[in-house]
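Work through the exercises below with the sequence and the structure in view. Try each task before reading its solution.

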Amino acid sequence: MKSLKRAVATDQARIEAFQQAAYVRTEEVIGARAIPLSWDYGIVMRECEVWLDERDGRIAGVLILRLREEELFLESIASDPAVAGAGVGSALMQATLKRAAELGVGRIGLITNSRNPAAEWYRKLGFVIDRKEIENSRTMLHMSMKIDHTPDDSKGENDDWTA
């Protein structure tokens, strides 16, 4: 398992470039612009937890989480196409589950395009479709997973943690 590092403001340009490259595959499949590519990453960096999986000095994965009142929302989980199949996505998802436990939330939520191949991966992991929403000829899946965990005393902000 690789360590994840909390991104800092100076990482923003690298993260934006990474997201552009990582979402090419998704855009080809769904036939539309991936929503995370239209975000203002200055706002994302201020409002969300952004975690980096760096390997050999390069970003291999980016995880963007937003703490909401009753859930941890998975804004984006992306891996470098050059390392597809190397377990980066799985490590990022394990980190998401661990972070939810650290924060004591009982649910992880996300939204994905119905044509995104990741939707099936989310289902296999235990996410369920809460509702479907049609927006500009896209069918968006609002998905969630309930988390059962025992709260501990380690809640709080960590700058580095292991996925």
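A residue is called buried if its relative accessible area is under 20%, exposed if it is over 50%, and partly exposed in between (1.4 Å probe, protein chains only). Helices (H or I, at least four residues) and strands (E, at least two) are DSSP runs, numbered from the N terminus. The model is a predicted one: local features need pLDDT of at least 70, side-chain atom pairs count only at pLDDT 80 or more, and totals for chains, interfaces and linings use all residues. Residue numbers start from 1 along each chain as its sequence is written, and side-chain values use heavy atoms, with hydrogens and water left out.

**Exercise 1. Describe the chain as a whole.**

Step 1. Count the elements: the protein chain has five helices and eight strands.
Step 2. Write their order from the N terminus: β-α-α-α-β-β-β-α-β-α-β-β-β.
Step 3. Look at burial: 44% of the 163 residues of the protein chain count as buried.

**Exercise 2. Explain why strand 5 is largely enclosed, and find its partners.**

Step 1. Strand 5 covers residues 107–113, and five of its seven residues are buried, so the rest of the structure largely encloses it.
Step 2. Apply the pairing rule, by which two strands pair if DSSP finds at least two bridges between them. Strand 4 (residues 72–79) runs parallel to strand 5 and is joined to it by two bridges. Leu72 has Ile108 in strand 5 as its bridge partner.
Step 3. Trace the connection: from strand 4 the chain passes through helix 4 (residues 88–103) to strand 5, a right-handed β-α-β crossover. Right-handed means that, with the strands pointing away from the viewer, the path from the first strand over the helix to the second runs clockwise.
Step 4. Turn to strand 7 (residues 138–146), which is antiparallel to strand 5 and joined to it by seven bridges. Here Asn113 stands opposite Met140.

**Exercise 3. Place Ala32 in the fold.**

Step 1. Ala32 lies in the loop between helix 2 and helix 3 (41–47).
Step 2. With a relative accessible area of 24%, Ala32 is partly exposed.
Step 3. List its contacts (heavy atoms within 4.5 Å). Leaving aside neighbours within four places in sequence, Ala32 touches Glu27 and Arg138.
Step 4. Compare sequence and space: Ala32 and Asn113 are 81 residues apart along the chain, and their C-alpha atoms are separated by 9.8 Å.

**Exercise 4. What is unusual about the phi of Asp56?**

Step 1. Recall the rule: most residues other than glycine have a negative phi.
Step 2. Asp56 is not a glycine, yet its phi is positive, about 55°.
Step 3. Asp56 sits in the loop between strand 2 (49–55) and strand 3 (58–67), and is exposed, with a relative accessible area of 80%.

**Exercise 5. Which residues are in the loop between strand 1 and helix 1? Give one of them.**

Step 1. Val8 is one, in the loop between strand 1 (3–6) and helix 1 (12–22).
Step 2. Val8 has a relative accessible area of 43% and is partly exposed.
Step 3. Val8 is 38 residues from Arg46 in sequence and 9.4 Å from Arg46 in space, C-alpha to C-alpha.
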